[in-house]
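Reader: Could you walk me through how the terms for a ligand site are applied?
Author: Gladly, let us look together.

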Amino acid sequence: MTRIAPSSVLVRVPAKINLQLSVGPKEDDGYHGIVTVFQSISLYDDVKVSLAEAGSGIRVDIAGDHTHGVPIDDSNLSTRAAFLMCERYDLPTDLKIEIVKSIPVAGGLAGGSADAAATILALDSLFELALSRDEMHAIGAPIGSDVPFMLNGGTAVGRGRGDQITAALSRGSYHWVLALSSIGLSTPAVYGECDRLRAGMQVAEPHVNDKVLQALLAADPVALGKTLVNDLQPASCSLRPALRLILDVGDEYGALGSIVSGSGPTVAFLVSDEDHGLDLAVALTSSGVVGSVTRVNGPVSGAKVTEIY
Ligand code: C5P
């Protein structure tokens, strides 16, 4: 029997939050050495990559709840991932990438890196390349420091630029309420503001906080809530002062912990269960200081092929 090669692959990829984000001094290459603990959460983009007509090139189409501000030119991270994959593995460069976005752009949830990770996985499957995780990470890391984690998902410690991933043990499921903003923050601008705020200070090399890992191992959301820390948070709040008001609403309504995710502006509130999450979501919505609110849980697994046509 002849096997028919696939013409489209659909991948579902989750967003991430950082439970710890410790930022070291700026290095000579302009990046900062970081130590972070990632958790994937149940907020997903769906990325479909299909063979396209000869001569059409690589095109990207965006649909869904969070299309505003997503580039559709070659600066789109999934397009960049596709170009890199085509170049490295000599693939045909007529491809259509269709992204249904639920992960906000420039939100600190690694939405762009998620789409790049999904594209790498989709092309691996479409052209039956059978790449190893390490090969996919090597393609993805220069596109975005978060891409390797977005491929793996779950819970992991990230070192280097955040691109060197070690899986971490985590038990239980954690409930989060996310306060989303319709206007993103630029990651380089937030790192730049972090440098400005720390000018003249001695900045230590970052280390993993064992208390975060112990809380995850013990499935203890109360302990986890107390250990959440993000060194970029003062910078995000400095650039977007309204974030402080949002963090205050979480404290007022008994969130177990509140943290700006990555470079922001998304704020993540850890809650004890679904009912607590619903109460906090209602409070945040009626506070008038939040654009939109969504409830998620984590950890979930990383980018996954969901359909092959
Ligand atoms: O790797 P990614 O494209 O996500 O990084 C965007 C920008 O964020 C970088 O150009 C750099 O300015 C900053 N960054 C950093 N240190 C990191 C990760 C990102 O300074 N570890």
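**Around the ligand**

Author: α5 gives the most to the shell around the ligand, with three residues. This is a predicted model, where local features need pLDDT of at least 70, side-chain atom pairs count only at pLDDT 80 or more, and totals for chains, interfaces and linings use all residues. Residues are numbered from 1 along each chain as its sequence is written, and side-chain values use heavy atoms, leaving out hydrogens and water.

Reader: What makes a residue near the ligand?
Author: One of its heavy atoms must lie within 4 Å of the ligand. The residues that surround the ligand include Y31, I34, T187 and Y191.

Reader: Why is the pair between H32 and the ligand called a polar contact?
Author: A polar contact is a pair of N or O atoms within 3.5 Å. An N or O atom in the H32 side chain is 2.6 Å from an oxygen atom of the ligand, so this pair fits the definition.

Reader: What about S145 and R161?
Author: For S145, a polar side-chain atom lies 2.5 Å from a ligand oxygen atom. R161 uses a polar backbone atom, 3.2 Å from a nitrogen atom of the ligand. Both distances are within 3.5 Å, so these are polar contacts too.

Reader: Which classes of residue make up the shell around the ligand?
Author: The shell has four nonpolar, five polar and one charged residues. Asp, Glu, Lys and Arg count as charged, so R161 belongs to that class; Ala, Val, Leu, Ile, Met, Phe, Trp, Tyr, Cys and Pro count as nonpolar, and the others, Gly among them, as polar.

How values were computed:
Polar contact = N/O pair within 3.5 Å; in protein donor to acceptor, adjacent residues only side chain to side chain. Helix = DSSP H or I, 4+ residues; strand = E, 2+ residues; numbered from the N terminus.
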